[in-house]
Amino acid sequence: MPLDKLICKYDMTQAGYCLKIKEILKNKFGEKIPKVFVKTYGCQQNVSDSEKYKGMLFQMGFSFTDDQDDADVILFNTCAIRENAENKALGNLGWIKNIEKSKPELFVILCGCMTEQENIIEKIKIIYPFVNLVIGTHSAHKFPELFYKAYQKIHEKNGRVFVSEKTDIVPEELPIKRDGKLKAFVSVMYGCNNFCSYCIVPYVRGRERSRRPEDIIEEFKSLVDSGYKDITLLGQNVNSYGKGLDENINFPELLRRLDKIEGDYKIRFMTSHPKDATEELFGVIANSRHIAHHIHLPVQCGSDRILKLMNRKYDTKTYLEKVSYAKSKIPDLTLTSDIIVGFPGETYEEFKETLELITKVRFSSLFTFIYSPRTGTPAAEMPDPFDKAEKTKRILELLKLQEEISKNLCKEMVGKRVRVLAEGIEPKSGDIMCRTDGNIIVQIKAKKEIIGSFIDVLITDSRNESLIGKLI
Ligand code: SAH
Ligand code: SF4
Ligand code: F3S
């Protein structure tokens, strides 16, 4: 389907449902403003989606609480990437099961990636019958309508509303209640076409679809105008941005256009699939005014045999060539990555190739995961002779090596001048917490008035994974 047909605007109908809900809440709660507890699991995409759910809940007349005992509505935005992500959400649902009887008016919403899995709705109906509304990742733009319908059935034991539409959409103009005042997320695309053999995301988030550049630029400009300083463009693989749009545009071109917007801000983006990271992309970063000199480039592992089994479509040679090209164009570039340890059949020798690769690249930090089989993905069918204990041993070895690398990279920063964003106060010391382009924390002594500004600091000392500096 052409991408412009996928655009679903949050329109007057949904705003109308918000008003109706507001009326119902007024009758039910009187002067008291009912509260929602929102818990988000998973990646930045989910954090961003939760900000949209909060925006809509705010329009309905709710306020928010961090205390789930105090809530009238509970919303769990779930993740399905690994078993432990699922267990966390299920554990919390178990908690609700215990309090449900004493709180018959509690309204429970389940949304996010877990709700898009095969047969999950049936399971929830049986195991967690107190859930009032299940809403898939493709239906967020209809949230007020679905909420309204489900809220009217709050006392019914059967016949609660369960929705999980499978049509890929591009939601636009949803109200957003952002968590931060300096940092913001902007989705540039949704879904994924890569089907890495271990990964559930393409099954729960649907096919790749990009937002129109004009919609992204408008949202981005309004963020800069409102004082946001650190804006992250989101997509499962931002490097394939633009495919299928009427206009011929790719991700580097989108970056060029955003970089032209006047103001004092940084652009970040994630995630970049290495197979689609091009010389053009590194060139745009190098020549930009606003793009952070940081790239998160998940390599996953250092063995070519395993990379092939993972369906990552690059080998270690290509990856290392891209990294050295990027470093030659952007000498102060910080690199970070994701690593999966214990992919089915990965031998200890192959794991050691990962250690060799991270020693060569010297990432400033890593997100490391033990492989978790996901039903329905090809890797879940592969023979997996190594047990959890062996995989845990390996991940600890990896973490130890990475700790050393991070520490040495921080040491090498001492004596350098860097531009950082002053973000807030470190509660223990009262120091100002700043962040480099590469996401490394720098603590300095300064007045709190500088929070929210970009400042130049001299790095005077280093800790394991953070830095101490002074204002220049
Ligand atoms: N789209 C991004 C990553 C999304 S998921 C990308 O391709 O880089 C974030 C990370 O979770 C992945 O990079 C991978 O390292 C990890 N991951 C995904 N599926 C996993 C699984 N089944 N088990 C363990 N880690 C997994
Ligand atoms: Fe998953 Fe691969 Fe898509 Fe990333 S690129 S979301 S790891 S399938
Ligand atoms: Fe999890 Fe969905 Fe993100 S599975 S990692 S929340 S896209």
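The following exchange goes through some features of this predicted model and asks what each label rests on.

Reader: What makes the approach of ligand 1 to the side chain of Asp338 a polar contact?

Author: An oxygen atom of ligand 1 lies 2.6 Å from an N or O atom in the side chain of Asp338, and a polar contact is a pair of N or O atoms within 3.5 Å, so this pair counts as one. The side chain of Arg82 also has an N or O atom placed 3.1 Å from an oxygen atom of ligand 1, while a nitrogen atom of ligand 1 is 2.8 Å from a polar backbone atom of Ser372. With the protein in place, 90% of the 540 Å² of accessible area that ligand 1 has on its own is covered.

Reader: Which residues come nearest to ligand 1, and which strands each supply at least two residues of the shell around ligand 1?

Author: Tyr198, Gln236, Gln300, Asp338 and Ser372 come nearest, out of 15 residues around ligand 1. The strands are β15, residues 334-341, and β16, residues 365-370. By class, the shell around ligand 1 consists of seven nonpolar, four polar and four charged residues.

Reader: What residues are around ligand 2, and how does their shell divide by class?

Author: Around ligand 2 are Cys192, Asn194, Phe195, Cys196, Tyr198, Cys199, Val201, Pro202, Gln236, His273 and Arg312. Seven residues of the shell around ligand 2 are nonpolar, three are polar and one is charged; cysteine and tyrosine count as nonpolar here, so Cys192 and Tyr198 belong to the nonpolar class.

Reader: Which residues are around ligand 3?

Author: Cys43, Asn46, Cys79, Ala80, Ile81, Cys113, Arg205 and Gln236 are around ligand 3, and this shell has five nonpolar residues, two polar ones and one charged one.

Reader: Why is the crossing of α1 and α5 called left-handed or right-handed?

Author: The crossing of α1 and α5 is left-handed, because that name is given when the near helix is turned anticlockwise from the far one by less than a right angle. The axes of α1, residues 12-29, and α5, residues 143-151, come within 8 Å and cross at roughly 35°. Among the residues that meet are Tyr17, Ile21 and Leu25 in α1 and Phe143, Phe147 and Tyr151 in α5. This contact of α1 with α5 brings together eleven nonpolar residues, one polar and four charged.

Reader: How do α7 and α8 cross, left-handed or right-handed?

Author: The crossing of α7 and α8 is right-handed, and the axes of α7, residues 213-225, and α8, residues 251-259, come within 11 Å and cross at roughly 35°. Pro213, Ile216, Ile217 and Phe220 in α7 meet Leu254, Arg257 and Leu258 in α8. In this contact six residues are nonpolar, none is polar and one is charged.

Reader: Which two residues does a cis peptide bond join, and where is Glu173?

Author: The cis peptide bond joins Met270 and Thr271, with omega at about 5°, and Thr271 lies in the loop between β13, residues 266-270, and α9, residues 279-287. Glu173 is in the loop between β8, residues 170-172, and β9, residues 183-187, and its phi is near 65°, a positive value in a residue other than glycine. Such features deserve a remark because most residues other than glycine have a negative phi, and most peptide bonds are trans.

Terms used. Residues numbered from 1 in each chain as written. Chains lettered and ligands numbered in written order. Predicted model: local features only at pLDDT ≥ 70, side-chain atom pairs only at ≥ 80, totals over all residues. Heavy atoms only, no water. Near = heavy atom within 4 Å. Polar contact = N/O pair within 3.5 Å; in protein donor to acceptor, adjacent residues only side chain to side chain. Areas by Shrake-Rupley, 256 points an atom, 1.4 Å probe, with all protein chains shown as cover. Helix = DSSP H or I, 4+ residues; strand = E, 2+ residues; numbered from the N terminus. Axes fitted to C-alpha atoms, helices over the stretch in contact; angles between N-to-C directions. Contact = heavy atoms within 4.5 Å.
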